[in-house]
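Welcome! Have a look at the sequence and the model below, then try the exercises before you read the solutions.

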Amino acid sequence: MISIHDLPTPALLLDLDVLEANLRRMKERTAALGVALRPHVKTHKCLEVAERQRASGVAGITVSTLYEARVFADHGFDDLTWAFPVIFSRLPEVRKLAERVTLRLVVDSPEAVTALEGLGNFRRLRRPLHVWLKVDCGYHRAGVDPESPAALELARRLAGSSSLHFDGILTHSGHAYHGPTRAEVAAAAEQERSVMAGFADRLRQEGIAVPGVSVGSTPAMAVVERLDGVTEARPGNYCFHDFAQVALGTCGVRDCAVTVLASVVSHRPGEDRSVVDAGALALSKDPGPERPERPTMGEVFADYEAGVLEEEARLVALSQEHGILSAPRPVGSRVRILPNHSCLTAAQFDEYAVVRGEEIVDRWRIWRGR
Ligand SMILES: Cc1ncc(COP(=O)(O)O)c(C=O)c1O
């Protein structure tokens with residue numbers, strides 16, 4: 001048996017039992033809420049994880065880059081939503097990809113619609129180019145304002161397009177991460193649902209058919225009580241969770257599947273801190289939960305199996321390869337770190353060491369790229 005104690009550090013560990021439980025729970029949850037599940041694979045960027053999601057019966061997948069789209073298309077995933085505003089300089093790649101898989105794009109501007117229509121008449125192809133209208137449900141990052149005349153105008157234009165296939169309206173409740181409490185997450189989730197259902201109703205009253213209503217973030221999906229008016233959800237982070245979710249109260253420590261194994265590489269006698277080999281290029285610089293009274297760049301396990309974190313020892317500063325641990329530890333000892341943001345952490349590594357207990361049972365590639 002190869003054990004995690006044999007691993008060179010820093011290493012990214014993926015707990016298979018926790019992963020499988022997380023996948024099962026979200027599948028059951030979306031089924032109970034009456035919506036299709038289209039997981040965002042940007043969290044794991046991993047074929048083996050996506051295959052497990054597919055085996056449990058998902059509607060298709062969501063990607064964040066065209067590189068992800070290409071990799072997953074090359075491995076048999078043939079229904080992909082690229083949930084990112086269209087990048088004009090990548091349209092030749094879009095066109096090629098849309099010839100071999102069902103590709104769904106997201107737009108929130110008339111310029112993007114014009115650019116897509118300029119690609120030619122996809123309706124004549126075996127697979128039309130599908131387009132979602134991106135809506136701002138309160139996160140204020142991207143998307144049309146659903147109250148605005150421009151939103152109505154754009155929906156009408158998409159629904160009437162002779163070359164594009166209108167899939168409906170799509171949003172992402174990223175503001176659910178602002179919490180700070182579970183009650184506020186629940187309010188953001190209900191806002192997402194009601195804004196989207198209300199906008200879909202308004203479009204239908206205007207005579208515009210809205211086939212789909214797509215929502216989704218992991219915190220919102222963890223707490224939402226109903227999804228009437230919604231057809232699909234696109235959570236990503238739920239497969240791994242992380243300390244940000246723990247701090248929001250949307251999962252427990254034992255629901256976190258991804259950890260970073262690091263070694264203590266420096267400690268000066270008498271000092272109350274040590275240096276580990278997990279810096280920003282292992283953990284990312286995501287500042288995690290908004291808790292000014294206890295800032296953290298990564299939590300340290302006191303007991304992994306029991307799901308207990310250290311009270312005092314945590315990562316308090318990161319440079320490129322160095323992590324500053326707020327506790328004295330012997331050089332050569334190891335720590336297991338719960339990252340603030342598992343998506344960004346996974347994106348720093350080339351592979352997962354897949355573990356059951358302390359045994360490494362597999363290694364899975366992380367397909368990073370743009
Ligand atoms: C457009 C879009 N949809 C879905 C998601 C998934 O959100 P989460 O990782 O919270 O589940 C994201 C994440 O950033 C996103 O940007």
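The exercises below deal with the ligand site and with some backbone features of this predicted model.

**Exercise 1. Find out where the ligand sits and which residues are closest to it.**

Step 1: Start with the place. The ligand is in the largest pocket.

Step 2: Look at the neighbours. The ligand is surrounded by 14 residues, and the closest are Arg-141, Tyr-177, Thr-218, Arg-234 and Gly-236.

Step 3: Sort the shell by class. Seven of its residues are polar, four are nonpolar and three are charged.

**Exercise 2. Describe the polar contacts that Arg-141, Tyr-177 and Thr-218 make with the ligand.**

Step 1: Take Tyr-177. One of its polar side-chain atoms is 2.5 Å from a ligand oxygen.

Step 2: Go on to Thr-218. Here a polar side-chain atom lies 2.6 Å from an oxygen atom of the ligand.

Step 3: Turn to Arg-141. An N or O atom in its side chain is 3.0 Å from an oxygen atom of the ligand.

Step 4: Now consider the cover. On its own the ligand has 390 Å² of accessible area, and the protein covers 93% of this.

**Exercise 3. Locate the cis peptide bonds that lead to Pro-10 and Pro-180.**

Step 1: Recall the usual case. Most peptide bonds are trans.

Step 2: Check the bond from Thr-9 to Pro-10. Its omega is near -5 degrees, and the bond is cis. Pro-10 belongs to the segment before strand E1 (11-15).

Step 3: Check the bond from Gly-179 to Pro-180. This bond is cis too, with omega near 0 degrees. Pro-180 lies in the loop between strand E7 (165-170) and helix H7 (182-205).

**Exercise 4. Lys-45 and His-140 have a positive phi. Work out whether each is buried or exposed.**

Step 1: Keep the general rule in mind. Most residues other than glycine have a negative phi.

Step 2: Place Lys-45. Its phi is near 50 degrees, and Lys-45 sits in the loop between strand E2 (36-37) and helix H2 (47-55).

Step 3: Compare its accessibility with the cut-off. Buried means under 20% relative accessible area. Lys-45 has 11% relative accessibility, so it counts as buried.

Step 4: Place His-140. Its phi is about 65 degrees, and the loop between strand E6 (130-134) and helix H6 (149-159) holds His-140.

Step 5: Apply the other cut-off. Exposed means over 50%. His-140 has a relative accessible area of 63%, so it is exposed.

Conventions: Residues numbered from 1 in each chain as written. Predicted model: local features only at pLDDT ≥ 70, side-chain atom pairs only at ≥ 80, totals over all residues. Heavy atoms only, no water. Near = heavy atom within 4 Å. Polar contact = N/O pair within 3.5 Å; in protein donor to acceptor, adjacent residues only side chain to side chain. Areas by Shrake-Rupley, 256 points an atom, 1.4 Å probe, with all protein chains shown as cover. 1 Å grid on protein atoms, 1.4 Å probe; cavity = no way out; pocket = protein on both sides within 12 Å on 5 of 7 lines; lining within 4 Å. Sits in = over half its atoms within 2 Å of the grid points. Nonpolar A, V, L, I, M, F, W, Y, C, P; charged D, E, K, R; others polar. Helix = DSSP H or I, 4+ residues; strand = E, 2+ residues; numbered from the N terminus. Buried < 20%, exposed > 50% of the residue type's maximum accessible area, 1.4 Å probe, protein only.
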